Amino acid sequence: MNESQTTQAPESSDAAVPRWYAIQCKGGESFRATENLVNQGFEVFHPVLEVQKKRRGKLTWVTEPLFPYYLFIRLDRLVSNWRPIRSTRGVLKLVAFGEMPIAVDDRLIETLREHGNERKMDANLYFRAGETVQITEGPFKELQAVFESHKGEERAIVLLNLLHRQQRLEMPVANLRRG
C-alpha cells in the first residue's frame, strides 16, 4: 500500500462524522439565516450575548450575535445535503479555503456553549462596583468617577473626587459609560 492510499482511508471514514463549519452571513442577517437553516432541519449554533444599549436615552437589554457575521452549522460530508445552504436567506457562504469548507474544532464550539450558558449573579448589571466610569451628561460631564452601586434600574451611585475628597453622587445610569 502506498502512502497516498494510507492518508485517504482515514479521510473517507472521517467524512461520515458530523463536524462544525462556519457560515458567513449577510450583514445583519445572522438571526434570519439561523432561523431559515433550522427550518430546513440543519443543526445550527449561533452564539449570542445580552448587552445593554442606550435607546432613546434609556438602557435596554439587546440580544446580539457574539460573532456579528458568522454562525456555525453541523454537517457531515457524506449524508448532509449542502446545496440548499448557499441559497438560504441570510447566508452569504460557507467559510472555505479554496473550494473546500474548513471544519471548526469541536472543542471551540463546546467552549463557546459552556461560556454562553454561564450566568453570573450580577449579569444583569451594566456596571460593576469599583469600575471606572465616565460621566457623559450634566455639570460633571467628561469627569471620571468610580461606580459604587445601582439605585433602581435607571439610577446609580458614583464616587467622584471633588475638592480632594470622594463625594457620593446619584445620577442616571444613562449618563455613564465605561471609562
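## The chain as a whole

Let's begin with how the chain folds back on itself: among its contacts with a separation of 6 or more, 57% are between residues 24 or more positions apart. Keep in mind while reading that this is a predicted model. The chain holds four helices and 14 strands.

What share of the residues counts as buried? Of the 179 residues in the chain, the figure is 30%. The accessible surface adds up to about 12,400 Å², and carbon and sulfur atoms contribute 50% of it.

## Aromatic pairs

Now for the rings. Searching the whole structure turns up five aromatic pairs. One of them joins Tyr-21 and Trp-82 in an edge-to-face arrangement, with 5.0 Å from centre to centre and 65 degrees between the planes. Tyr-21 belongs to strand β1 (residues 19–25), while Trp-82 sits in the loop between β5 and α3 (83–86), so this pair ties together parts that are 61 residues apart in sequence. Are the two partners buried or exposed? Tyr-21 has a relative accessibility of 3% and counts as buried, whereas Trp-82 is partly exposed at 22%. The cut-off helps here: buried means under 20% relative accessible area, so Trp-82, with its 22%, falls outside that class.

Another pair is made by Phe-67 and Phe-72, and it is also edge-to-face. Their centres are 6.1 Å apart and the planes meet at 90 degrees. Phe-67 is partly exposed, with 33% relative accessible area, and Phe-72 counts as buried at 6%.

## A cluster and a charge

Phe-67 and Phe-72 also have company: together with Trp-20 and Phe-45 they form one aromatic cluster. Which charged residue sits over the ring of Phe-45? That residue is Arg-113, whose charged end is 4.8 Å from the centre of the ring.

## A nonpolar patch on the surface

Phe-67 appears once more on the surface, where Leu-49, Leu-66, Phe-67, Tyr-69 and Tyr-70 form a nonpolar patch. Together these residues have about 420 Å² of accessible area. One member, Tyr-69, is found in the loop between β4 (58–65) and β5 (70–75). Tyr-69 is partly exposed, with a relative accessible area of 43%. Members of such a patch need over 30% relative accessible area, so the 43% of Tyr-69 and the 33% of Phe-67 both meet that requirement.

Leu-49, another patch member, leads us to a helix. Its C-alpha atom is 7.4 Å from that of Gly-116, although the two residues are 67 apart along the chain. Gly-116 lies in helix α4 (residues 106–117) and is partly exposed, with 47% relative accessible area.

## Two residues in a loop

Our last stop is the loop between β12 (155–162) and β13 (165–172), where Leu-163 is found. His-164 lies in this loop too. What is notable about their backbone angles? Leu-163 has a positive phi of about 55 degrees although it is not a glycine, and the phi of His-164, again a residue other than glycine, is near 65 degrees. For background, most residues other than glycine have a negative phi.

Both residues are on the outside: Leu-163 counts as exposed at 80% relative accessibility, and His-164 is exposed with 84% relative accessible area.

Technical notes. Residues numbered from 1 in each chain as written. Predicted model: local features only at pLDDT ≥ 70, side-chain atom pairs only at ≥ 80, totals over all residues. Heavy atoms only, no water. Patch = residues over 30% accessible without salt bridge, like charges linked within 9 Å, V, L, I, M, F, W, Y side chains within 5 Å. Areas by Shrake-Rupley, 256 points an atom, 1.4 Å probe, with all protein chains shown as cover. Salt bridge = Lys/Arg side-chain N within 4 Å of Asp/Glu carboxyl O. Buried < 20%, exposed > 50% of the residue type's maximum accessible area, 1.4 Å probe, protein only. Phe/Tyr/Trp six-rings, centres within 6.5 Å; stacked < 30°, edge-to-face > 60°. Lys NZ or Arg CZ within 6 Å of the ring centre and 35° of its normal. Contact = heavy atoms within 4.5 Å.
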